[in-house]
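Student: Got a minute to walk me through this one? I'd like to go piece by piece.

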Amino acid sequence: MKKLINEVAHVVPDMLAGLAALHPQLALLQGQNIVLRADAREAASRGEVALISGGGAGHEPAHGGYVGAGMLSAAVAGEVFTSPSTDAVLEAIRAVAGRAGVLLIVKNYTGDRLNFGLAAEIARAEGIAVEMVVVADDVALSANGDHAGRRGLAGTVLVHKIAGAAASGGAPLAEVAQAARDAAAALGTMGVALTPCTVPAAGKPGFTLGEAEIEWGLGIHGEAGVERGTLVPAADVAARLLKQIAGDLALQAGERVALLVNNLGGTPASELDIVAGSALAQLAQQNIKVERAWAGTFLSALEMAGISLTLLRVDERRLALLDAATQAPAWPAGDGRIAAGTQSVHAAAAAPVTPTPQDGARMSADAPLRRVIEAVCARLQQAEALLTDMDQKVGDGDLGISMARAAQGIREDMAGWPSEQQPAAVLRAMSATVRRVVGGTSGPLYAILLMRAAASLEEQRRANAPAWAAAFSEAVKGVMELGGAKTGDRTMVDALLPAAQALQASLDAGETAAVALDAAVSAAEQGAAATAAMTPRRGRSSYIGQRALGHPDPGAHAVGLWLASVCDALKA
Ligand code: ADP
Ligand code: MG
């Protein structure tokens, strides 16, 4: 078990202390795992109905995060996934109750019902007006099956919001309770889990899921769901959950709802947005009008990866209650209104990325330049897995895909490029393609390499071997200027610069172009190999420092690969 905690026994008090320390509108009831509105007494003496919820911890930000004017007056936390004691609930009731009374909002679990129910009875005997509403929004379970009743899930948070707004609007207890009951009856929730979660005191997950397995219709305590299945695309997950919920609520086309996309704890925000996008599109297609929608972590199951969807039928009155202001820290700041359709804005018009060939001529299929470019592309695509692996050891693992993407883009664009008679224009076009399709560090560095080579060829007004050698040197200079790396910094420069120098020196010594190219390839390969003994000073590898030793730099290795393919293609 790997968790950011101090001590297993202190998880709940430590988390509540942090919550209260962060939010001045919250206070803790001394000696209890109970979060209160700091102004709970004032609110009660103004005649506001007090709202209390709670249950086992592990569902953060529920329920402490929903304490604040406009939502809960107090939240009672038990141990992780364990209902709080009757006395704890009673303490909370006594702490926040005024003459207007108290509404308890309870998720439908046996322990919670018993402890909140008994506390309510004792409080009534003490003369406090108490009502209790049980939320059972889990549509994965049949409504009248052979079980302890449907469970309370993320839809409970919407009940908090609606009842809280009614209470802060001055409604009497019976009315607040009715608003909560009506909302609970108009709710449906169902979830899916991708991973289990680990209760700190247990130290290991409650169940296991295979690599491609998911659990449909699970509870929020790591308890198993109604069915285990194989992972399906997010859109299919949304479709199945919505179908079940809409079917259960008997939702008809034309009806109005609020949608909650809830993170069970360990789902990246990106995946939540993907699911939300699918859900909204599907609801629109079914002509169900989504009046409000939120995506976020509302009621979690520790670090479980997965989501739940909730639909709540709304009318104007319920919408007004959802829209009412609240100071509860976990209620989203956005008002939940969504656009009628996805809006997209046109990008500013840019100059064409590929220069139009002046004479309209395109590269011929058998031009040596084209052969070379195709050979480079083939080699880079072949090397994708190797470069990925090398970059994973010392960087982030994206170099393989970046180089393969460059190759793919070049292959796609090449047919529209100028003729090989204008090699500078071809290099410029290639640079534009690389600039467009490759990001990361190597994208701009290769783009400048090609751009500078093009400029040099243009300036020299010839394209013989010495001209290409000079262009290569200029190109490497460009990489060093933009990237700021020198030799010895453990980057692609450690392969590029020796290669450019060897090419130049060989030609100066009167060698043939073929021999000079061989020399350049050897210099690049040696330079790349030597990086294994260098401590990185540039790029992402520099963060791991000495730990990179023993592994050659992937960018430098890639230079050796593509340069060798240039050589091979020219010889063929
Ligand atoms: P990242 O993922 O870090 O953005 P890439 O995976 O696209 O980068 O490329 C990694 C390679 O880029 C490294 O192996 C190294 O050869 C090269 N590199 C990193 N920083 C520089 C730099 N400042 N100058 C030249 N090359 C660099
Ligand atoms: Mg990388």
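**Sheets, helices and a ligand**

Tutor: Sure. One open sheet here has six strands in the order β9-β8-β7-β12-β10-β11, and its pairing is mixed. Keep in mind that this is a predicted model.

Student: Which strands are the edge strands there?

Tutor: β9 (227-230) and β11 (289-296), each of which pairs on one side only.

Student: And how many degrees are neighbouring strands turned against each other on average?

Tutor: The average is 20 degrees, with direction ignored.

Student: What about β10 and β11, in which sense do they pair?

Tutor: Parallel: strand β10, residues 256-263, pairs with β11 over seven bridges. For a spot to look at, find Val257, which has Val290 of β11 standing opposite.

Student: OK, what packs on that sheet?

Tutor: Helix α5 does, with contacts to β7 (187-193), β10, β11 and β12 (306-313). The direction of α5 makes about 145 degrees with that of β7. Then there's helix α8, residues 269-285, which lies across β10, β11 and β12 and runs at about 160 degrees to β10.

Student: Switching to the other sheet. What's the strand order?

Tutor: β1-β2-β4-β3-β5-β6, again an open sheet of six strands with mixed pairing. Its edges are β1 (26-28) and β6 (130-135), each paired on one side only. From one strand to the next, the twist averages 25 degrees.

Student: Where could I look for a parallel pair in it?

Tutor: Try β3 and β5, residues 50-57 and 102-107, which pair in the parallel sense over three bridges. Leu51 is a handy marker, with Leu103 in β5 standing opposite.

Student: Which strands of this sheet does α5 touch?

Tutor: β3, β5 and β6. Helix α5 covers residues 155-168 and packs on this sheet with its direction at about 170 degrees to that of β5. Helix α6, residues 173-185, also touches β3, β5 and β6 as it packs on the sheet, but the direction of α6 makes about 5 degrees with that of β6.

Student: So α5 comes up for both sheets?

Tutor: Yep. α5 packs on the sheet with β3, β5 and β6, and also on the one with β7, β10, β11 and β12.

Student: Any odd backbone geometry I should zoom in on?

Tutor: A few places. The peptide bond from Glu60 to Pro61 is cis, with omega near 10 degrees, and Pro61 lies in the loop between β3 and β4 (74-80). In the loop between β3 and β4 you'll also find His63, and the Ala62 to His63 bond is cis too, with omega near 0 degrees.

Student: And what's up with the phi of Ala250?

Tutor: Phi there is near 55 degrees, so to speak a positive value in a residue other than glycine. Ala250 sits in the loop between α7 (234-249) and β10.

Student: What does UniProt list for domains?

Tutor: An unreviewed entry places "domain: DhaK" at residues 7-331. That stretch is 35% helix and 22% strand, with its end C-alpha atoms 29 Å apart. UniProt also lists "domain: DhaL", from an unreviewed entry, at residues 367-568.

Student: How much helix and strand is in residues 367-568?

Tutor: The span is 71% helix and 0% strand, and the end C-alpha atoms lie 15 Å apart.

Student: Now the ligand. How many residues surround ligand 1?

Tutor: 19, and the closest are Asp398, Thr441, Ser442, Gly483 and Asp553.

Student: Which polar contacts should I check?

Tutor: Begin with Thr441, where an N or O atom of the side chain is 2.7 Å from an oxygen atom of ligand 1. With Met492 a polar backbone atom is involved, 2.9 Å from a ligand 1 oxygen. Asp391 has a polar side-chain atom 3.3 Å from an oxygen atom of ligand 1.

Student: And how much of ligand 1's accessible area does the protein cover?

Tutor: 93% of the 570 Å² that ligand 1 has on its own.

Terms used
Residues numbered from 1 in each chain as written. Chains lettered and ligands numbered in written order. Predicted model: local features only at pLDDT ≥ 70, side-chain atom pairs only at ≥ 80, totals over all residues. Heavy atoms only, no water. UniProt positions renumbered as here; feature names shortened; annotations may be inferred. Helix = DSSP H or I, 4+ residues; strand = E, 2+ residues; numbered from the N terminus. Pairing = 2+ DSSP bridges. Axes fitted to C-alpha atoms, helices over the stretch in contact; angles between N-to-C directions. Contact = heavy atoms within 4.5 Å. Near = heavy atom within 4 Å. Polar contact = N/O pair within 3.5 Å; in protein donor to acceptor, adjacent residues only side chain to side chain. Areas by Shrake-Rupley, 256 points an atom, 1.4 Å probe, with all protein chains shown as cover.
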